[in-house]
Amino acid sequence: MYISMTGFSSTSRTMEWGTITLDLASVNHRYQEIFVRLPKELSSWEPWFHQKLREAFRRGKVQARVEILWAMGSLAGSINKDVICRYYDELSELRNSIGQQEDIALEALVSLPGVLDTQERMRLAHADETEALLSELLAAGVESWQAMRVQEGAHLEEAVSEHLGELERLAGEVAQKWAPAKEAAFAAMIERVRKALDAAGVSQVDDARFAQEAVILADRWDVSEELARLASHVEKFRQAGRTEKPKESIGRKLDFLVQEMNREVNTLDSKIADADIRWLAVEAKAALERIREQIQNLE
């Protein structure tokens, strides 16, 4: 199964205190990276999000962002008298020590940390039901995100299958053209060697040794092994893409197989001097490059 590393989802839950939204966005990356952005009321839950998201995918860069839109009734708060009195006493002591005579405005103390308690926000940060809410939100978000990644993966698979078919077609043409091209090149090589020997005045040649050397040269031109290995790699490539395990990462495996196929095409290209076949090898390399570009986005 092809699963793309690119995906997005946005999931919301509306409660009496407001609406909480989770956005998940991912792009391709060589390793697994997670970034979490939470409102301050949920800042302590960042490790929890990292742990849960780490189990949901294998490769890619994922960003999770949680936002809370508070209902109007949840914005009202109460002043913590103990905290504001402590601020006032310490500031008064500091004012006296530096000889400042101006009075301390209580309104200026309200914005200090811990002075204003928002009941709904405090309840969200500490209530037992918070984990249940976040678990439900994250499960729905991941499900929608995974569905998009699978859908994108299906498009990638369709494109890769088309390029893979083109590669097989080119390999088939090489196989058809190679046998007659090999015979013609071999005959031309024999004729050039005989002419060179005649020009050098060599009248007698050991036929057995000459035949042995000719066979060695012919073997160096033989690309049947490269074509066989290329076909084997293509079959393994198709089998790897048919796995039904959604959490199995096949991106790296397919990338390795593309490298091996490219190696066989390069070897084939270096062995054959025929212009038509070498052009087919160039087109095969282009098809492999298109495949490589597509699978770079696979998990």
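User: How far apart are the end C-alpha atoms of helix α2 (residues 81-98)?

Analyst: This is a predicted model, in which local features need pLDDT of at least 70, side-chain atom pairs count only at pLDDT 80 or more, and totals for chains, interfaces and linings use all residues. Residues are numbered from 1 along each chain as its sequence is written, and side-chain values use heavy atoms, with hydrogens and water left out. Helices (H or I, at least four residues) and strands (E, at least two) are DSSP runs numbered from the N terminus, and the expected span of a helix is 1.5 Å times one less than its number of residues. The 18 residues of α2 should therefore span 26 Å, and in agreement with this the distance between the end C-alpha atoms is 26 Å.

User: What arc do the buried residues of α2 cover around its axis?

Analyst: Buried means under 20% relative accessible area, exposed over 50%, and partly exposed in between (1.4 Å probe, protein chains only). By this criterion Val83, Ile84, Ser92 and Arg95 are buried in α2. They lie on the same side of the helix, because the arc (taken from the directions from the helix axis to the C-beta atoms) is only 165°.

User: Which residue with a positive phi follows α2?

Analyst: On the face of α2 turned away from its buried side, the exposed residues are Asp82, Glu90, Glu93, Asn96 and Ser97. After the helix, the chain passes to a residue whose phi is positive, near 75°, and this residue is Gly99.

User: Within what arc do the buried residues of helix α9 (residues 275-295) fall?

Analyst: Helix α9 has 21 residues and reaches 31 Å from its first C-alpha to its last, close to the 30 Å expected at 1.5 Å a residue. Its buried residues are Ile277, Leu280, Ala281, Ala284, Ala287, Leu288, Ile291 and Ile295. Seen down the axis, these residues line one face of α9, because they fall within an arc of 120°.

User: Which exposed residues lie on the other side of α9?

Analyst: An α-helix has 3.6 residues a turn, so residues three or four places apart point the same way. On the side of α9 away from its buried residues, the exposed ones are Ala275 and Trp279.

User: In what order do the 4 strands of the open sheet lie, and which are its edge strands?

Analyst: Two strands pair if DSSP finds at least two bridges between them. The 4 strands form an open sheet with mixed pairing, in the order β1-β2-β4-β3. Because each of them pairs on one side only by this definition, the edge strands are β1 (7-15) and β3 (32-37).

User: What is the bridge partner of Ile34 in β4?

Analyst: Strand β4 (residues 60-70) is joined by 10 bridges to β2 in the antiparallel sense, whereas 6 bridges join it to β3, with which it runs parallel. In the pairing with β4, Gln32 stands opposite Gly60, and Ala25 stands opposite Gln63. For Ile34, the bridge partner in β4 is Val62.

User: Which side chains of β4 point to the face where they are buried?

Analyst: In a regular strand the side chains alternate between the two faces of the sheet. Along β4 the side chains of Lys61, Gln63, Arg65, Glu67 and Leu69 point to one face and are not buried, while those pointing to the other face are buried, namely Gly60, Val62, Ala64, Val66, Ile68 and Trp70.

User: Is the β-α-β unit made by β3, α1 and β4 left-handed or right-handed?

Analyst: A crossover is right-handed if, with the strands pointing away from the viewer, the path from the first strand over the helix to the second runs clockwise. The unit made by β3, α1 and β4 has the opposite hand: left-handed.

User: Which residues does Glu264 touch, not counting residues up to four places away in sequence?

Analyst: Glu264 is found in helix α8 (residues 251-271), and it counts as buried because its relative accessibility is 7%. Its C-alpha is 7.3 Å in space from that of Arg229, although the two are 35 residues apart in sequence. With contact meaning heavy atoms within 4.5 Å, Glu264 touches Glu226, Arg229, Leu230 and His233.

User: With which residues is His163 in contact, leaving aside its neighbours within four places in sequence?

Analyst: His163 is found in helix α5 (residues 129-199), and with 15% relative accessibility it counts as buried. Its contacts are Ala287, Arg290, Ile291 and Gln294.

User: What percentage of the 299 residues of the protein count as buried?

Analyst: The protein has 9 helices and 6 strands. Of its contacts with a separation of 6 or more, 79% are accounted for by residues 24 or more positions apart. The share of the 299 residues that count as buried is 35%.
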